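Consider the model shown here, with attention to its ligand site and to a few backbone details elsewhere in the chain.

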Amino acid sequence: MLTKTPDSSAPDAAADDALVMGPVLGIETSCDETAAAVVAADGAILSNLILSQIDQHRPYGGVVPEIAARAHVDHLDGLIARAVADAGIEFGDLGAIAATSGPGLVGGVMVGLVTGKAIAAAHKLPFVAINHLEAHALTVRLVDRTPFPYLLLLVSGGHCQLLSVLGVGNYRRLGTTIDDAIGEAFDKTANLIGLGYPGGPAVEEAATRGDPKRFKLPRPLKGRPGCDFSFSGLKTAVRRAVEALAQDTLSAKDTADLAAGFQSAAGDVLCDRVGHAVSAHRDIVAPLDRETEPMLVVAGGVAANQYLRNRLQKTADAEGFQFMAPPRALCTDNAVMVAWAGIERLRLGLRDGLDTPPRARWPLDPTAPPAAGAGVKA
Ligand code: KG4
Ligand code: ZN
């Protein structure tokens, strides 16, 4: 059933709360970034610190959960203290604590969650448990005051989903990946073509020099009904293309052409699936009777990709949708988005108990059926 959330649809309506609520400390530890940030209730970013663990994971070609959890333990306390100091405040000035409680690598999530709860208990502050995906989903509202509802393409290292965002905590999933997430496909492709870890930005950079037409790569599920995604066939096609070159080391041109070919195929697939989601989204929001222009939002780490942003802008234009994306630096994991999601929830009077558990899996739309495919991430 549709739920109207008029109180959460207009961020400006909460301006009064902004005057009474102190700044919120956000904590993010769900993957390989240790992050802490302080955001004022009106959305002003007072501090934003991110400690990347890239160097620790690079030798393994990907994130090692045990190493990630230990690194969070080693650095989180110091990072939080600095984030509060950089904001020019003391712990007692904070209005609340918001920590990512899932989904993600559960060892890392536990570190941030326990730390956040301890600070909340010590300073008698409200605590908010944040869904990492919701933090990505709401970031655009911090920057642009984007009103609900909007069609969201959520593209990250662990997820690739299309959702109708109807309000805080109110999501309707239209499609998801039936195998790999798109960020994962970028990272694996980077590895295959000699660009190493982390792959997304490296593929984007190499693609600027490449010919996207040289290698004929598939567009999985393109033109098929529905809004689901599939990327494993594309990744396999890149591997076959590399093998067919039969060289020990790829030339810079081969790497650039493969990167461009992969990125262009990924762009075709994303735009095709968004095209399918547009009408499903319109059907969902029509009964809500909100007089807002239809809006497409892209979020998550892969949304930092400028080529994909340009492609999605064109698709939105063609469909009569406005297009919004957070600044590139707020697309990849950060704690500003966690603090902001906390502010959005606090404005609605939502709080969580200190008994809130970490959650490895936490779908935004719990009613969505599993996608038909193997290795599905809801
Ligand atoms: O949201 P995020 O920082 O972490 C997760 O929640 O997963 O997303 C990380 C993913 C990685 O797979 C990374 O390669 C990808 O986002 N990514 C990019 C770009 N920057 C980060 N993919 C394509 N182009 C980029 N510029
Ligand atoms: Zn993320």
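The text below goes through the ligand site and then turns to selected loops.

This is a predicted model. In it, ligand 1 occupies the space of the largest pocket. Three helices each give two or more residues to the shell around ligand 1, namely α6 (132–144), α7 (182–192) and α8 (199–207). The shell also brings two domains together in one list of neighbours: at least three of its residues come from domain 1 (7–142 + 332–347), and at least three from domain 2 (148–328).

How many residues lie around ligand 1, and which come nearest? There are 17, and the nearest are Gly157, Asp187, Glu204, Gly301 and Asp333. Sorted by class, the shell holds ten polar residues, four nonpolar and three charged.

Backbone atoms of glycine residues supply several polar contacts to the ligand. Gly157, one of the nearest residues, places a backbone N or O atom 2.8 Å from an oxygen atom of ligand 1. For Gly158, a backbone N or O atom is found 3.5 Å from an oxygen atom of ligand 1. Gly183 has a polar backbone atom at 3.1 Å from an oxygen atom of the ligand. On its own, ligand 1 has 550 Å² of accessible area, and the protein covers 88% of that.

The remaining points concern backbone geometry in loops. Which residues are joined by cis peptide bonds? One such bond links Gly102 to Pro103, with omega about -15 degrees. Pro103 belongs to the loop that runs between β4 (96–102) and α5 (106–122). Another cis bond links Phe148 to Pro149, and here omega is about 0 degrees. Pro149 is placed in the loop between α6 and β6 (150–155); α6 is also one of the helices that contribute to the shell around ligand 1.

A further backbone feature is found at Lys124, in the loop between α5 and β5 (127–131). Lys124 is not a glycine, yet its phi is positive, near 50 degrees. Helix α5 thus borders both the loop that holds Pro103 and the loop that holds Lys124.

Key. Residues are numbered from 1 along each chain as its sequence is written. Chains are lettered from A and ligands numbered from 1 in the order in which they are written. This is a predicted model: local features need pLDDT of at least 70, side-chain atom pairs count only at pLDDT 80 or more; totals for chains, interfaces and linings use all residues. Side-chain values use heavy atoms; hydrogens and water are left out. A residue is near a molecule or strand if one of its heavy atoms lies within 4 Å of it. A polar contact is a pair of N or O atoms within 3.5 Å; within protein, one must be able to donate a hydrogen and the other to accept it, and residues adjacent in sequence count only if both atoms are side-chain atoms. Accessible areas come from the Shrake-Rupley method with a 1.4 Å probe; for residues, only the protein chains shown count as cover. On a 1 Å grid over the protein atoms alone, a cavity is a set of points where a 1.4 Å probe fits but cannot get out, and a pocket is an open set with protein on both sides within 12 Å along at least five of seven lines; lining residues have an atom within 4 Å of a point. A molecule sits in a cavity or pocket if more than half of its atoms lie within 2 Å of its grid points. Helices (H or I, at least four residues) and strands (E, at least two) are DSSP runs, numbered from the N terminus. Ala, Val, Leu, Ile, Met, Phe, Trp, Tyr, Cys and Pro count as nonpolar, Asp, Glu, Lys and Arg as charged, and the others, Gly among them, as polar. Domain bounds come from an automatic or database domain assignment.
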